[in-house]
Each structure stands twice: as structure tokens, then as C-alpha cells.
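Colleague: Could you walk me through how the ligand is held here? I'd like to go slowly.

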Amino acid sequence: MTSQLRYNNDMSNQYTETSKFLSYVLRHKPQAIGIALDTEGWVDIAALIAGAGQSGRALDMALIRAVVSSNDKKRFAISGDGLRIRAVQGHSTEAVAIQHEPKQPPEFLYHGTATRFLDSILAEGLRAGERHHVHLSENIATATSVGRRYGNPVVLKIEALRMHRQGFGFFQADNGVWLTANVPSGFLAVDS
Ligand code: HQG
């Protein structure tokens, strides 16, 4: 391996590692490093750096900015004044309740899951589980890769617009992921 390639790999590993750490504290367990998120999920970057440092993880502004801007799924956002950071979706912590703008979804949205969850989903619909919302995407390729995280992937096609017309709320996070509270089984089918 050339030294340039090794350098690039090391950087990429450091970014992935840091992204996972940020997902953990900004979505799930801020208390693990003694920080508090506001209800929109924001925290001062200075507090994040200090909390991380006290937990033995060296973060600095340059690394945080590089991780936020290079992140494959645009998981994080930095405030306009550059002082605060948040995860744009995927939360489970009860401290956060982001007030997303309701939005009309396209006719169909997609959800990727693993085949072993199918029977349960076809019986009871999609539930948010630990997170605040069920996550849906506009394209089948994204849904397939989401499903692959848990095993053999299968894609469900959701009648999003019909749900919306019946009063179900839909929201779109800043990174394009669609969110809704739950999807009853009558609005979904295996995509074929
Ligand atoms: C399944 C990633 C049985 C559901 C992705 C999923 C996404 C059921 C799992 C984001 C069920 C929950 C979220 C039911 C739902 N019975 N299983 N009734 N209802 N499930 O990780 O959507 O990389 O909480 O199908 O890109 O997989 O973290 O949700 O398999 O956007 O940024 O229960 O996470 O983004 O798993 O993924 P998750 P998800 P990040």
C-alpha cells in the first residue's frame, strides 16, 4: 500500500469512528459525556469538545467540520453561526423532539428491512421502535442498503400519499430522509 493510500484510509477510519461517536452522543446518549441537547437536538460545539475530552476522546473543530461535511448521509448539521451542532434525524433520546415541518410525501416511499422481520411487519405494520420515527426513503437503492444492515434485505413499498390523505403526518429531515410515526400494514407491500 502506498503511503498516500494508507494516509487516506487512516483519515477515512478516523472520520467513520468520529461519525459513530457523534451519532451515539447526539442521537442516543448525550449524558454519556455529560452534555445536554436542547429539544431541537442542538448543543454548543465547545461543550461537545469539552465533554468528549473529559471522556478521553480528542475532538477539535477541524475534525468535527471535516466529519460533518464529508458524511455520506449528511447525518449532522452545524448552525448558521457555526457554534452549535446536531444530528438531523435518527434520535432515540427523549430530550429531543425536533419540530419538523409537515410535508406532503410523494406517492410512494420505500423502507428497507431484513427478510427475518417481514412476517412481523406484514402483521403489525412498521413501528418506530427505539427511534422517534419510522425512516423511509425516496429510492429503492437507499432502502436496500438500509435493509442490508440487518441481514438479507427486502424493500417495502409504502403508499405514502394515500396515508397522508388519510391524516398521517410526514416530515422530511434536512438530509432528505422521510419520517412518519408508524405505517399500518394496509399501506405497505413487498416491492416487486
Ligand atoms: C424493523 C440508518 C419487526 C425495521 C438508516 C428495521 C436509516 C420491525 C428495524 C436509519 C417492525 C429498526 C433508520 C415490526 C419495524 N416488526 N421489525 N413491526 N417495524 N421493524 O435501525 O429504518 O446510518 O431503528 O424494518 O440509513 O433500519 O444511522 O431503523 O429493520 O435512515 O444514519 O426494525 O438508520 O441511518 O431499525 O434505520 P432502525 P432503520 P444511520
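Modeller: A term to begin with: a polar contact is a pair of N or O atoms within 3.5 Å. Please also keep in mind that this is a predicted model.

Colleague: Okay, so how far is the side chain of Tyr150 from an oxygen atom of the ligand?

Modeller: An N or O atom in the Tyr150 side chain is 2.5 Å from a ligand oxygen atom, and because a polar contact needs two such atoms within 3.5 Å, this pair counts as one.

Colleague: And what about Arg27 and Arg127, which part of each residue is involved?

Modeller: For Arg27 a polar side-chain atom lies 2.7 Å from an oxygen atom of the ligand, whereas for Arg127 a backbone N or O atom lies 3.0 Å from a nitrogen atom of the ligand.

Colleague: How much of the ligand's accessible area does the protein cover?

Modeller: On its own the ligand has 780 Å² of accessible area, and the protein covers 86% of that.

Colleague: Switching topic, which pocket is the ligand in?

Modeller: The ligand sits in the largest pocket, and two elements, β4 (108–114) and α4 (118–124), each give two or more residues to the shell around the ligand, with α4 giving the most, at three residues.

Colleague: What kinds of residues make up that shell?

Modeller: The shell divides into seven charged, five polar and five nonpolar residues, and among the 17 residues around the ligand, Lys73, His111, Thr113, Ser120 and Tyr150 come nearest.

Colleague: Last one: where does the ligand lie relative to the domains?

Modeller: The ligand lies between domain 1 (3–87) and domain 2 (109–190), because both domains give residues to the shell around the ligand.

Note on methods. Residues numbered from 1 in each chain as written. Predicted model: local features only at pLDDT ≥ 70, side-chain atom pairs only at ≥ 80, totals over all residues. Heavy atoms only, no water. Near = heavy atom within 4 Å. Polar contact = N/O pair within 3.5 Å; in protein donor to acceptor, adjacent residues only side chain to side chain. Areas by Shrake-Rupley, 256 points an atom, 1.4 Å probe, with all protein chains shown as cover. 1 Å grid on protein atoms, 1.4 Å probe; cavity = no way out; pocket = protein on both sides within 12 Å on 5 of 7 lines; lining within 4 Å. Sits in = over half its atoms within 2 Å of the grid points. Helix = DSSP H or I, 4+ residues; strand = E, 2+ residues; numbered from the N terminus. Nonpolar A, V, L, I, M, F, W, Y, C, P; charged D, E, K, R; others polar. Domains from an automatic or database assignment.
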